[in-house]
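Let's take a walk through a protein chain together. Keep the picture turned so you can follow along, and we'll stop at a few spots on the way.

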Amino acid sequence: MTAQPTQTGRIVISVDAMGGDSGPAVVVAGIAKSAKKNPEIGFLLHGPEDVLRKLVAKRRVLEGRVVFRDCPDVVTMEDKPSQVVRNGKQTSMWSALEAVRQGEAHGAVSCGNTGALMALSMMRLRRLPGVNRPAIAILWPSRNPQGFNVMLDVGADVRADAKDLLQYALMGASYARNGMALNRPRIGLLNVGTEEHKGRAELKEAHSMIADFADRANFDFVGFVEGSDIPGDKADVIVTDGFTGNVAIKTGEGTASLIGDLLREAFKYTPLSRLASVLAITSLQRLKKRIDPRRVNGGVFLGLNGTVIKSHGGADSTGVSAAVKLAFTLAQSGFSEKLAARVASTAELAQDAAHAAPQTKK
């Protein structure tokens, strides 16, 4: 889908201003940070117009950069996706996605209810032809030179068969190319061990399929990887089902929070340790920035006719700005069109593999 921006010369991002835990003030502060850093971004802002106009008026950098869409209703975190699909037409989330569907924006950003956002995205934008299950991809801090690994799926669907995992690999490779400038990304398939005989039947089947497609789809398949490889340098893209991926990211978030608390506790233990924290403050600030989840806030919904970024519900202005930057980067690279072409090629590659298979059994 090719967007026709409403603001000449700018890449327009459609923003649901009402989805976050902290309200629209934080969202407006976040888009103001993005506007200050990048003059090429324009915004469609969805929510109660009278409220949003007052907030935007306080940010001089947003002057002439925002078009308002008045929406009286809000999708709450407690709303069931099915209810939102049936009755959510007047919500800011629906309106934000509709702008992408109508070609008025290059991508949408929302801090709102993940289940509702995915359900509405599938209904309004539809899945790309050939995609069985869309996936949510996130960036995970890693030892790789780019600083992060792509991981998918992390919660769009708890199930995934071998064909789904193959599509995740193809979509993840496309995201790595366009979002991280990796020409030939390395793909790893998450399992309980690296040996080929380990794991469930669908993982073994997916291993064979991904390996067969690697050269034709222009990525390197490193085989099975384990949980310890998620933040490692063995692969650039980690492929798994939504249940496993969601458990992994929640575990990672909890562990990172625990380490931060333990470090603060350790530095307060004695007067000498407090002095050590002062001497090490530069290194500690560098570490904090390196693992700061706000810098990579934003899960990308892959497999849809349009780019949708799910920002964390509790994101602050820095997190919202990071999600907008991701939407801008993907729009600038033409990611949506490239991903559609990549997914469309999956069926052709599968047909080629099916025709080639009998010949190998001679």
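How many residues does helix 6 have, and how far does it reach from its first C-alpha to its last? Helix 6 runs over residues 162-180, which gives it 19 residues, and it spans 26 Å from end to end. At 1.5 Å a residue you'd expect 27 Å, so the reach is close to expectation. One thing to keep in mind as you look: this is a predicted model.

Before we stay with that helix, zoom out for a moment. The chain has twelve helices and eleven strands. It contains 362 residues, and 51% of them count as buried. Now think about contacts between residues with a separation of 6 or more along the chain: 73% of these involve residues 24 or more positions apart.

Back to helix 6. Is it enclosed or open? Of its 19 residues, 17 are buried, so the rest of the structure largely encloses this helix. Look at its N-terminal end and you'll find Asp-161 acting as a cap. A side-chain oxygen of Asp-161 sits 3.1 Å from the backbone nitrogen of Lys-163.

Further along helix 6 you come to Asn-178. Its relative accessibility is 14%, and since buried means under 20%, Asn-178 counts as buried. What does it touch? Setting aside neighbours within four places in sequence, Asn-178 is in contact with Thr-329, Leu-330, Ser-333, Phe-335 and Lys-338. Take Thr-329: it is 151 residues away from Asn-178 in sequence, yet the two C-alpha atoms are 8.1 Å apart in space.

Thr-329 leads us to another helix. Helix 11 covers residues 317-332, and it packs against helix 6 at an angle of about 100°, with the two axes 8 Å apart. That angle makes the two helices roughly perpendicular, because anything from 65 to 115 degrees counts that way. On the helix 6 side, the residues that meet helix 11 are Tyr-175, Asn-178 and Gly-179. Their partners in helix 11 are Leu-326, Thr-329 and Leu-330.

For another pair of packed helices, go back towards the start of the chain. Helix 1 (residues 24-37) and helix 2 (residues 49-57) pack at about 45°, and their axes are 10 Å apart. With that angle, helix 1 and helix 2 are oblique to each other. Their crossing is right-handed. Which residues make the meeting? Helix 1 brings Pro-24, Ala-25 and Val-28, while helix 2 brings Val-51, Leu-52, Leu-55 and Val-56.

Helix 4 (residues 92-101) is another mostly covered one, with nine of its ten residues buried. Among the buried ones are Met-93, Trp-94, Leu-97 and Glu-98. Just after helix 4, Gly-103 takes a positive phi of about 80°.

That brings us to backbone quirks. Most residues other than glycine have a negative phi, and most peptide bonds are trans. With that in mind, look at Ala-181, just after helix 6, where phi is positive at about 60°. Ala-181 is not a glycine, and its phi is positive all the same. You'll find it in the loop between helix 6 and strand 7 (186-190). Is Ala-181 buried or exposed? Its relative accessible area is 61%, so it is exposed.

Asn-218 is also not a glycine, and it has a positive phi of about 65°. It belongs to the loop between helix 7 (201-217) and strand 8 (220-225). At 33% relative accessibility, Asn-218 counts as partly exposed.

Where should you look for a cis peptide bond? One joins Leu-152 and Asp-153, with omega at about -5°. Asp-153 lies in the loop that links strand 6 and helix 6.

One last stop: Ser-142, in the loop between strand 5 (135-141) and strand 6 (148-152). With a relative accessibility of 3%, Ser-142 counts as buried. A polar atom of its side chain lies 3.5 Å from the backbone nitrogen of Phe-148.

How values were computed:
Residues numbered from 1 in each chain as written. Predicted model: local features only at pLDDT ≥ 70, side-chain atom pairs only at ≥ 80, totals over all residues. Heavy atoms only, no water. Helix = DSSP H or I, 4+ residues; strand = E, 2+ residues; numbered from the N terminus. Buried < 20%, exposed > 50% of the residue type's maximum accessible area, 1.4 Å probe, protein only. Polar contact = N/O pair within 3.5 Å; in protein donor to acceptor, adjacent residues only side chain to side chain. Axes fitted to C-alpha atoms, helices over the stretch in contact; angles between N-to-C directions. Parallel < 35°, antiparallel > 145°, perpendicular 65-115°, else oblique. Left-handed = near helix turned anticlockwise from the far one by under 90°. Contact = heavy atoms within 4.5 Å.
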